[in-house]
Amino acid sequence: MTTAQPLDVQPTPLALLMLGREADTGSERGVDCPGDLPSPSDPDLVERARAAKEKLGDKVFILGHHYQRDEVIQFADVTGDSFKLAKDAAARPGAEYIVFCGVHFMAESADILTSDDQAVVLPDLAAGCSMADMATAEQVAECWDVLTDAGIAEQVVPVSYMNSSADIKAFTGKYGGTICTSSNAKKALEWAFEQGEKVLFLPDQHLGRNTAVRDMGLTLEDCVLYNPHKPNGGLTVEELRAAKMILWRGHCSVHGRFSVESVNDVRARIPGVNVLVHPECKNEVVSAADFVGSTEYIINMLEAAPAGSKWAIGTELNLVQRLANRFADQDKEVVFLDKTVCFCSTMNRIDLPHLVWTLESLAEGNLVNRIEVERETEQFAKLALERMLSLP
């Protein structure tokens, strides 16, 4: 029987920020809460969270994303990826408060899918998503103008990853596109190519490229990269007209860190290891891995893995550590693919002090940090989400 060992990771100079223990006030918005947070060292935090949740009873429903800290996950009523949690929220119409322990775009999706009588709350408004922030409504509108000027807009169907803002989801719905998750990206692209000749994939270039090339048989030459910071996206009219996949220049700051060198290093250190990575990783990393799939796929693979098997996982460190501890007594060795700290910095902003402050505020009748999507944006974003839900 294997005893769970601490994952072999070394802090970087940004480790405290990645852990959410420091703030970069020059880049973050909504850092301050309208009230005093409990001290992180308060030994009574767990009991305070438990008491506030008990006082709220059925009025509150707490969602915990897989990448959250264990100290937060212990209070979640359900755990899952972003779309599963948004659907779970919609399935609880009796809950007055939906406390989403995740990041901003996830809370927006929950607000879109829940009723007007329910309030979606994000414990820390600084919990954003760097990938979602890489595509703004203004940039995407400008991109559509570029496609229109190139004479191809009518051939293009937008497909947006779930990890996008409500504004981008609304753009997608308005122009006849659909949303996808890392689990159903292939189905979404198959649907899109039935509607048009080209796809504009937002905002994660790696998921779009990996799905097109690995799962659908397209080539890397069929894909072009649209850079919103360059005139015309850095592309010629001829390149746009020849492309089948127009990939937005966005990526996940966590999954983008993994490299082929990481894969080669772990294979050298652990003979017989299975390398399992998320499709938000770079194409060369996906090509070098043994298995590729969504967060739920990764969890399911480890659940089904035989005793004695060895796994190197390329996804967020909180989840990998949790899986390592969970399967240690089943003699399954689970290690992190990289040697450096790779927490999701914004996801880690949801800590126990923020959760306690949120629950105690709600228990006292004070609605804090409510996430509300503007009505027209909600209408078109919901249309795009409903198209995804109707996929076979």
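A residue is called buried here when its relative accessible area is under 20%, exposed when that area is over 50%, and partly exposed in between. The legends below describe close-up views of a predicted model.

**View 1. The side chain of N210 is enclosed and faces two backbone oxygens.** N210 belongs to helix α9, which spans residues 205–215. With a relative accessible area of 2%, N210 falls under the 20% limit and is therefore counted as buried. A polar atom of the N210 side chain lies 2.9 Å from the backbone oxygen of P279, and a polar atom of that side chain also lies 2.9 Å from the backbone oxygen of C281. When residues up to four places away in sequence are left out, N210 touches D215, P279, C281, K282, N283 and V286.

**View 2. E296 is partly exposed and is joined to H66 by a polar contact.** E296 is part of helix α13, which covers residues 295–304. Its relative accessible area is 22%, so E296 lies between the limits of 20% and 50% and is classed as partly exposed. The side chains of E296 and H66 are joined by a polar contact of 3.0 Å. Not counting residues up to four places away in sequence, E296 touches H66, G80, D81 and K84. E194 is 102 residues from E296 along the chain, and the C-alpha atoms of these two residues are separated by 27 Å.

**View 3. Four strands form an open sheet with parallel pairing.** Read across the sheet, the order of the strands is β2-β1-β3-β4. The edges are formed by β2, residues 78–80, and β4, residues 119–121, each of which pairs on one side only. From one strand to the next, the twist averages 25°. Strand β3, residues 97–101, pairs with β4 in the parallel sense over three bridges, and Y97 has A119 in β4 as its bridge partner.

**View 4. Helices α4 and α15 pack against strands of this four-stranded sheet.** Helix α4, made of residues 82–90, packs on the sheet and touches β1 (60–65), β2 and β3. The direction of α4 makes about 170° with that of β1. Helix α15, made of residues 352–363, lies across β1, β3 and β4, and runs at about 175° to β3.

**View 5. Strand β9 has both faces covered and pairs with β7 and β8.** In β9, which runs through residues 245–248, M245 and L247 are on one side and I246 and W248 on the other, and all of them are buried. In a regular strand, side chains alternate between the two faces of the sheet. Strand β7, residues 198–202, pairs with β9 in the parallel sense over three bridges, with L200 standing opposite I246. Strand β8, residues 223–226, runs parallel to β9 and is joined to it by four bridges; there, L225 has L247 as its bridge partner.

**View 6. Strand β12 is largely enclosed and pairs with β10 and β13.** Four of the five residues of β12 are buried, so this strand is largely enclosed by the rest of the structure. Four bridges join β10 to β12, and these two strands run parallel; V277 stands opposite G314 in β12. The pairing of β12 with β13 is also in the parallel sense and involves four bridges, with W311 standing opposite V334 in β13.

**View 7. Helix α11 turns its buried residues to one side.** The buried residues of α11, a helix of residues 260–269, are S262, V263 and V266. They cover an arc of only 100° around the axis, and are therefore on the same side of the helix. The face turned away from this buried side carries the exposed residues E261 and A268. The buried residues of α11 pack against β10 (274–277), α12 (283–288), β12 (310–314) and β13 (333–336).

**View 8. V277 is among the residues with the most contacts inside the largest nonpolar core.** This core has 106 residues, and V99, F201, M245 and V277 are those with the most contacts inside it. Leaving aside neighbours within four places in sequence, V277 is in contact with V285, V286, A289, F291, V292, G293, I298, G314 and L337. A second, separate core has 21 residues, including V146, A150, Y226 and L235.

Note on methods:
Residues are numbered from 1 along each chain as its sequence is written. This is a predicted model: local features need pLDDT of at least 70, side-chain atom pairs count only at pLDDT 80 or more; totals for chains, interfaces and linings use all residues. Side-chain values use heavy atoms; hydrogens and water are left out. Two strands pair if DSSP finds at least two bridges between them. Axes are lines fitted to C-alpha atoms, for helices over the stretch in contact, and angles run from 0 to 180 degrees between N-to-C directions. Contact means heavy atoms within 4.5 Å. A nonpolar core is a set of buried Ala, Val, Leu, Ile, Met, Phe, Trp, Tyr and Cys residues joined through side-chain atoms within 4.5 Å. Buried means under 20% relative accessible area, exposed over 50%, partly exposed in between (1.4 Å probe, protein chains only). A polar contact is a pair of N or O atoms within 3.5 Å; within protein, one must be able to donate a hydrogen and the other to accept it, and residues adjacent in sequence count only if both atoms are side-chain atoms. The arc is that of the directions from the helix axis to the C-beta atoms.
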